[in-house]
Amino acid sequence: MQRAAFASKNSLVTLLVSVLACVFLYFALVGSLFVALTVIGLGLALIVFGEYMGKAEAIHTAFGEHRILGIAVLIMFVLTLPFLLKGNNYLLHIVVMGGIYSVVALGLNFQMGSTGMVNFATAAFFGTGAYTSALLVTKFSISPWLGTVSGLAAAAFLGLLFGIPALKTRGYYLSLVTMALQVIFTLMIINTSWLGGPNGVPGIPAYNIAGFSFKTSVVLFGMKLPYQANYYYLVFAILGLAVLVAGRLYNSHVGLAWNAIEQDEIVAVTQGINQTKIKLLAFALGAAFAGLAGALYGHYTSFIGVENFDFSISLIFICMVLLGGMDNVLGVVLGAMLLTIVDEKLRDFADYRMLMYSLILIIILLARSQGLLPKRIRKYGKLRDSKIEPNF
Amino acid sequence: MQTESLTINFGGLKAVDEVDFAIADEVVGLLGPNGSGKTTFLNLVSGIYRPTSGKIIFQQEDITGSGAHVIRGKGIARTFQTNRLCLNLSIIDNMLLGLYSKKKSTWWQAILQPKQCRKELRQNIEKCLQLLEHFNPDLVDKAYDPITSIALIDRRRIEIARAIVGNPRLLLLDEPTAGLNSEETTQIINDIGKIRQGDQQICMIIIEHDMNVISSICNRVVVLNAGKKIADDTYQEICKNEQVQTAYLGG
């Protein structure tokens, strides 16, 4: 009797917290700058207060028990959001960009959050995916879908190739090497005319399925949705997949090995972890995520230029991981979404935009240096299961 | 395991100087004054350092110059003098690291999560818990606690358990009792004794300064001084050895 009551309390907590999170995100998105900042401040205060009262662990446990419920609420929210926004194409555009950046941030998290390798070249991998797909599709007129897969593969290959010399270094030196790659990438694009040079690549075709172009608006359940909605559903399907892959990696021996490398490389190798291989995996997988997102970005905006992939964009990706929570899959997505929204809302400030952006980052990180949703202890469910025989 | 004139130079210093060493189905104590090259010797055997010259042979196989992860995979595990656990991970995660060299699943199986991959994880968890239970039953209920929340002796136990959970053939213990009081030292020595009871085939090399520990668990003692091996005998004989007395107490 008591147990049943306890279980229902936990499911109620899960329901309440996930609905609250969705409501907060919604108002941060639709409100003016002032409303958005108030909502973010309120959310931040709730998180800090919850942790202070020692409730965070309980909420975490509740979510662990009722994962399906939490996921269901989130999926419902994602599916209905275009209707809630009444087909507002500007707001939808912000969310699509948030989704694309979330995928990149998830990839960066493998390197930065899990393995402790701060990579300043994420925008270069993002750009590799975008340019590969855009050029293949515009010059050789292959299908955008195929172009996207090529973009993913090209970025992963570059990550692997770049990882081999970069991994001779560690810590700050590794970061310096990644900065060098980022600079090389930008300069190479500007100075190579067949890559579009400073003019970028215009006229990138949109995706289409059986003749239906993603650039046409659709009528769904009696509501006319702008073409952004097509991309919205595509990007969030891919983001869902990315979250699934990242979550599984985190909970597996791969995530564990990454964490061990981050803590102590000597200990990690004496446990049998091949550090070159596992670090290269973090680089290649992270780059693959960035490449996929880059290709999506190109086919969504139909124009890419070098300024979309320069050093400052890399810094923004780092901020997303740092703010959301290192090595926390949901935290990284939250960080990416919030920073994309804040960035857009700050357009009112014109020249002072980056100043405000940095100020908000500093305030959030002062209040919560470990990020909004910090790393948690890995859970494998109930540990003791009498049915399982150990394998000696 | 045996080494043949194993040598490593750090600049002009010969930290380990032409050491011939052999171990077969026994517990060997490694003694020597500070800076005599004991830990360097373990670092060479476990593959953290690459020897300047000489050979390391393990189960009839030359493993000289292999990476530390390869050597662990072949069955040589070690602990560290200063407790080295992954501080931001839980007890169970630290234990699972000890089984990393045994895992069969690849990274793409970690993504696709086929049935055998999940089964392997459950089996590994169960094996870690059984070993923890053996060392200290209280730790089983705390398996999800961060490693920082438990006492030093339990951390030492977990480090030893992490080393032996993958059933290594050779265990290298670098000062397992460092920093523990006499009561805790006795407990750890009991635990180490239990390892030998549980797995007759496991050999151990133990670095230790406490002579009671050495006399109670080692079959044989090897003494290093300034990188050179100066004695290799039973504990009783070592105590009478003049060279050893000179090295420890000064001329």
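# Helix packing, sheets and chain contact in a two-chain model

Helices H6 and H12 of chain A are oblique to each other, a class that holds angles left over once those under 35 degrees (roughly parallel), over 145 (roughly antiparallel) and 65 to 115 (roughly perpendicular) are removed. Their axes cross at roughly 50 degrees and come within 7 Å, with H12(A) spanning residues 275–301. The model is a predicted one, in which local features need pLDDT of at least 70 and side-chain atom pairs count only at pLDDT 80 or more, while totals for chains, interfaces and linings use all residues. Residues are numbered from 1 along each chain as its sequence is written, and chains are lettered from A and ligands numbered from 1 in the order of writing.

## Helix pairs of chain A

H6(A) passes H12(A) in a right-handed crossing; handedness is left if the near helix is turned anticlockwise from the far one by less than a right angle, and right if clockwise. On the H6(A) side the contact includes Phe125(A), Phe126(A), Gly127(A) and Ala130(A). H12(A) contributes, among others, Ala287(A), Ala290(A), Gly291(A), Gly294(A) and Tyr297(A). Residues are in contact if their C-beta atoms, placed from the backbone, lie within 7 Å. By class, the contact of H6(A) with H12(A) holds 10 nonpolar, 9 polar and no charged residues; Ala, Val, Leu, Ile, Met, Phe, Trp, Tyr, Cys and Pro are nonpolar, Asp, Glu, Lys and Arg charged, and the others, Gly among them, polar.

H6(A), residues 122–140, also packs against H8(A), residues 171–191, at an angle of about 40 degrees, with the axes 8 Å apart. Axes are lines fitted to C-alpha atoms, for helices over the stretch in contact, and angles run from 0 to 180 degrees between N-to-C directions. H6(A) and H8(A) are therefore oblique as well, and their crossing is left-handed. In this pair Ala123(A), Ala124(A) and Gly127(A) of H6(A) meet Leu181(A), Gln182(A) and Phe185(A) of H8(A). The contact of H6(A) with H8(A) has 4 nonpolar, 2 polar and no charged residues. Gly127(A) thus appears in the contact with H8(A) and in the contact with H12(A).

## Dimensions of the chains

The table sets out secondary structure, radius of gyration and the box of C-alpha atoms along the principal axes. Helices (H or I, at least four residues) and strands (E, at least two) are DSSP runs, numbered from the N terminus.

| Chain | Secondary structure | Residues | Radius of gyration | Box |
|---|---|---|---|---|
| Chain A | 15 helices, 4 strands | 392 residues | 21 Å | roughly 70 × 60 × 45 Å |
| Chain B | 11 helices, 10 strands | 251 residues | 19 Å | roughly 65 × 40 × 35 Å |

For chain A, the radius agrees with the value near 21 Å for a compact globule of its 392 residues. Chain B likewise agrees with its reference value, which is near 18 Å. The radius is taken over C-alpha atoms, and the globule rule is 2.2 Å times the number of residues to the power 0.38.

## Sheets of chain B

One open sheet of chain B has 6 strands in the order E6-E7-E8-E3-E9-E10, with mixed pairing. E6 (76–78) and E10 (228–233) of chain B stand at the edges with a single partner strand each, so one side of each lacks a neighbour in the sheet. On average, neighbouring strands of this sheet are turned by 20 degrees against each other, direction ignored. Within the sheet, E7(B), residues 170–174, runs parallel to E8(B), residues 203–207, and 5 bridges join the two. Leu170(B) has Cys203(B) as its bridge partner in E8(B). Helix H1 of chain B, residues 38–45, packs on this sheet, touching E3, E6, E7, E8 and E9 of chain B, and its direction makes about 150 degrees with that of E7(B).

A second open sheet has 4 strands in the order E2-E1-E4-E5 of chain B, with antiparallel pairing. Its edge strands are E2 and E5 (61–62) of chain B, each paired on one side only. Strands pair if DSSP finds at least two bridges between them. E4(B), residues 53–58, and E5(B) share 2 bridges, and Ile57(B) has Asp62(B) as its bridge partner in E5(B). H1(B) packs on this sheet too, touching E1, E2 and E4 of chain B, with its direction at about 65 degrees to that of E2(B). E1(B), residues 2–10, and E2(B), residues 13–22, are joined by 6 bridges and form a hairpin with 2 residues between them. Gly11(B) in the turn has a positive phi of about 60 degrees, and Leu6(B) has Val19(B) as its bridge partner in E2(B).

## Contact between the chains

The contact takes 33 residues from chain A and 38 residues from chain B. H9 (228–250), H10 (253–263) and H11 (265–270) of chain A each supply at least two residues of the side of chain A that touches chain B. H10(A) gives the most to that side, with 7 residues. By class, the side of chain A that touches chain B has 17 nonpolar, 9 polar and 7 charged residues.

Terms used:
Two residues are in contact if their C-beta atoms, placed from the backbone, lie within 7 Å.
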